[in-house]
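Please open the model in your viewer and keep the selection panel at hand. The tour below goes from stop to stop, saying at each one what to select and what is found there.

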2 protein chains.
Amino acid sequence: MKFQKHVFICTNQKEAPKKCCGAEHGAALVAAFRQELTQRGLQKSIRAQPSGCLDACAFGPAVVVYPEGTYYGNVQLADVPELVEKHLVGNEVVERLALDV
Amino acid sequence: MKFQKHVFICTNQKEAPKKCCGAEHGAALVAAFRQELTQRGLQKSIRAQPSGCLDACAFGPAVVVYPEGTYYGNVQLADVPELVEKHLVGNEVVERLALDV
C-alpha cells in the first residue's frame, strides 16, 4: 500500500442535461484536498487526485476514499477540512456526506 | 464498498522529457480493461477507470487496484487479460508486473 489513504475525486464531465460531478468543481476539490493535506504535512502519506466517473453521478460531486471504499456525495469545498480531519486523519466516516452505494 | 475491485489507470500527461504514463496509452488500457470485464459480465462488480497521476511515473504505465492498493507498472495492453483473470477475478497478485512502492 503506497498511501495510507487514497482519495479519488470525480472530474468527469458529461454533456448537459445529464447530472454529473463536473470538471470544474472536481478540480477545485482536488486542489482543496491537496492544500489541506500539505498544510498538515500529510501529502506523502495521503493522496488526493482526479479520477474519471465513479458511477455515482446522481449524487455528485462524488469522492471515494480507499482502502475503505467509502463513497461521499454532494461534496463541497467547505466540507474538505472536515473530511480530512475526521476521515483521512481520524478514520471516522463523515456520515452526513456518506453515500450508501 | 460499491465495487469488489476498483481499478484506476493513470492517464496523466506530463510534458516531455518527463517520463509518465501517457494519456493515449492510459485511455487504451481503460478501454481494454472495460472490454475484458464486460465480456466476462463483471462490469457491475469491478470497475476500471482513468485517474490522474498515481505518483509512480517512472514505472508507468501505472495501474492501482483497490481495496488492496496493489500497484502495477509497465502495464501493456497484452497484460490486461492476465490482470483481470489472475488478480481481479482470482485475487492473486501478478508478481511480474507488481511494483514495490
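## A tour from the interface outward

Begin with both chains displayed in this predicted model, and look across the interface of chain B and chain A, where the rule finds two salt bridges. To see one of the salt bridges, select D55(A) and K2(B), whose side chains meet with an N to O distance of 3.7 Å. Side chains of opposite charge can pair in this way when their charged atoms come close. If you then widen the selection to polar contacts across the interface of chain B and chain A, twelve residue pairs are found, with both residues of each pair at pLDDT 80 or more.

Next, colour chain B by its secondary structure and keep in view the side that touches chain A. Strand 1 (5–10), strand 2 (46–51) and strand 3 (63–66) of chain B each supply at least two residues of that side, and the largest share, four residues, comes from strand 2 of chain B. Sorted by character, the residues on the side of chain B that touches chain A are eleven nonpolar, five polar and four charged.

Now select the whole contact, which takes 20 residues from chain B and 20 residues from chain A. Chain B and chain A bury about 1800 Å² between them, and 55% of this area lies on carbon and sulfur atoms. Pick out M1(B), K2(B) and Y66(B), since these residues supply 33% of the area that chain B buries against chain A, more than any other three residues.

For the next stop, show the two chains as C-alpha traces and turn to their symmetry. A rotation of 180°, with 0.0 Å of shift along its axis, superposes chain B on chain A with an RMSD of 0.0 Å. The two copies are therefore related as by a two-fold rotation axis. To place that axis in the view, select S51(B), whose C-alpha is the nearest to the axis in chain B, at 2.0 Å from it. The same surface serves both copies, as 100% of the contact residues of chain B recur in chain A.

Leave the interface and go to the backbone of the loops. Select G60(A) and P61(A), which are joined by a cis peptide bond with omega of about 0°; P61(A) lies in the loop between strand 2 (46–51) and strand 3 (63–66) of chain A. In chain B, the peptide bond from G60(B) to P61(B) is cis, with omega near -5°, and P61(B) has its place in the loop between strand 2 and strand 3 of chain B. Then move to N74(A), which is not a glycine and yet has a positive phi of about 50°; N74(A) is found in the loop between strand 4 (70–72) and helix 2 of chain A. Both kinds of feature deserve a look, because most residues other than glycine have a negative phi, and most peptide bonds are trans.

A search of the whole structure finds 14 salt bridges over all chains. One to select is that of R40(A) and E85(A), whose side chains meet at 2.7 Å, N to O. This pair links distant parts of the chain, with R40(A) in the loop between helix 1 and strand 2 of chain A and E85(A) in helix 2 of chain A, 45 residues apart.

Finally, colour chain A by confidence. Its mean pLDDT is 91, and 94% of its residues reach 70 or more. Among the elements of chain A, helix 1 (residues 23–39) has the lowest mean pLDDT (92) and helix 2 (residues 80–89) the highest (98). For the complex, the predictor gives an ipTM of 0.88 and a pTM of 0.91.

Methods. Residues are numbered from 1 along each chain as its sequence is written. Chains are lettered from A and ligands numbered from 1 in the order in which they are written. Side-chain values use heavy atoms; hydrogens and water are left out. Contact means heavy atoms within 4.5 Å. Buried area is the accessible area (1.4 Å probe) that two parts lose on being put together, summed over both. A salt bridge is a side-chain nitrogen of Lys or Arg within 4 Å of a carboxyl oxygen of Asp or Glu. A polar contact is a pair of N or O atoms within 3.5 Å; within protein, one must be able to donate a hydrogen and the other to accept it, and residues adjacent in sequence count only if both atoms are side-chain atoms. Ala, Val, Leu, Ile, Met, Phe, Trp, Tyr, Cys and Pro count as nonpolar, Asp, Glu, Lys and Arg as charged, and the others, Gly among them, as polar. Copies are superposed by least squares on the C-alpha atoms of residues with pLDDT of at least 70 in both. pLDDT is the predictor's confidence in each residue, from 0 to 100.
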